[in-house]
Amino acid sequence: MHKILTPLISANEDIAKIVKINIKENNFYKKEKLICVLETSKSSVDVNLEKDGYVYLLFKEGDEVK
């Protein structure tokens, strides 16, 4: 299993909100597929897959991740 970590968006903020999830759970996706969009009070970031594989989600849209 390969974990996808939340990227550090800002040195002053350690929590980001999941604004949009662009994939369906338990499906196979290729490397570089856009998984979700994270947002802080100052910016937003796209999160892409680093490897080919199946994706299992631990969070849903609207959740805040550290």
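Two strands count as paired if DSSP finds at least two bridges between them. With that in hand, let us work through some exercises on this model, which is a predicted one.

**Exercise 1. Find the order of the strands in the open sheet, and say which strands lie at its edges.**

Step 1. Start with strand 1 (16-21) and look for its partners. Strand 1 and strand 3 run antiparallel and are joined by 4 bridges. Two residues of strand 1 help you to see this: I21 has C36 of strand 3 as its bridge partner, and K17 has E39 of strand 3.

Step 2. Now look for another partner of strand 1. Strand 6 pairs with strand 1 over 2 bridges, again in the antiparallel sense. Here K17 turns up again, with E64 of strand 6 as its bridge partner.

Step 3. Move on to strand 3 (34-39). Its pairing with strand 4 (residues 44-48) is antiparallel and covers 5 bridges. One place to look is L34, which stands opposite N48 of strand 4. These two strands form a hairpin, with 4 residues between them.

Step 4. Put the pairs in a row. The open sheet has 4 strands in the order 4-3-1-6, with antiparallel pairing. Strand 4 and strand 6 are the edge strands, since each pairs on one side only.

**Exercise 2. Find the salt bridges and say how exposed D14, K66 and K60 are.**

Step 1. Recall the idea behind the search. Side chains of opposite charge can pair when their charged atoms come close. The cut-off for a salt bridge here is 4 Å between the nitrogen and the oxygen.

Step 2. Apply the cut-off. The count comes to 2 salt bridges. In one of them, D14 and K66 have their closest N and O atoms 3.8 Å apart. D14 belongs to the segment before strand 1, while K66 belongs to the segment after strand 6 (64-65), so this pair links distant parts of the chain, 52 residues apart.

Step 3. Take the other salt bridge. K60 and D63 form it, with 3.5 Å between their closest N and O atoms.

Step 4. Check the exposure. A residue is exposed if its relative accessible area is over 50%, and buried if it is under 20%. D14 has 47% relative accessibility, so it counts as partly exposed. K66 is exposed because its relative accessible area is 72%. K60 is exposed too, at 55% relative accessibility.

**Exercise 3. Which rings form the aromatic pair, and how are they arranged?**

Step 1. Count the pairs: there is 1 aromatic pair. F28 and Y54 form it, with 5.4 Å from centre to centre and 70° between the planes.

Step 2. Name the arrangement. Planes over 60 degrees apart count as edge-to-face, so the pair of F28 and Y54 is edge-to-face.

Step 3. Place the two rings. F28 is in strand 2 (residues 28-29) and Y54 is in strand 5 (residues 53-54), so the pair links distant parts of the chain, 26 residues apart. F28 is partly exposed, because its relative accessibility is 42%. Y54 counts as exposed, at 65% relative accessibility.

**Exercise 4. Is V55 buried or exposed, and where does it sit?**

Step 1. Locate V55: its place is in the loop between strand 5 and strand 6.

Step 2. Use the 20% cut-off again. V55 has a relative accessible area of 7%, so it is buried.

Step 3. Look across the chain from V55. The C-alpha atoms of V55 and N26 are separated by 5.2 Å, although the two residues are 29 residues apart along the chain.

**Exercise 5. Describe the largest pocket and its lining.**

Step 1. Begin with the size: the volume of the largest pocket is about 690 Å³.

Step 2. Turn to the lining. It has 25 residues, and those nearest the centre of the pocket are K3, I4, Y56, L57 and L58. Sorted by kind, the lining residues are 17 nonpolar, 3 polar and 5 charged.

Step 3. See which elements take part. Strand 1, strand 3 and strand 5 each give two or more residues to the lining. Strand 3 provides the largest share, with 3 residues.

Terms used
Residues are numbered from 1 along each chain as its sequence is written. This is a predicted model: local features need pLDDT of at least 70, side-chain atom pairs count only at pLDDT 80 or more; totals for chains, interfaces and linings use all residues. Side-chain values use heavy atoms; hydrogens and water are left out. A salt bridge is a side-chain nitrogen of Lys or Arg within 4 Å of a carboxyl oxygen of Asp or Glu. Buried means under 20% relative accessible area, exposed over 50%, partly exposed in between (1.4 Å probe, protein chains only). Rings of Phe, Tyr and Trp (its six-membered ring) pair if their centres lie within 6.5 Å; planes under 30 degrees apart count as stacked, over 60 as edge-to-face and the rest as tilted. On a 1 Å grid over the protein atoms alone, a cavity is a set of points where a 1.4 Å probe fits but cannot get out, and a pocket is an open set with protein on both sides within 12 Å along at least five of seven lines; lining residues have an atom within 4 Å of a point. Grid points are joined across faces, edges and corners, and a volume is the space filled by probe spheres set on the points. Ala, Val, Leu, Ile, Met, Phe, Trp, Tyr, Cys and Pro count as nonpolar, Asp, Glu, Lys and Arg as charged, and the others, Gly among them, as polar.
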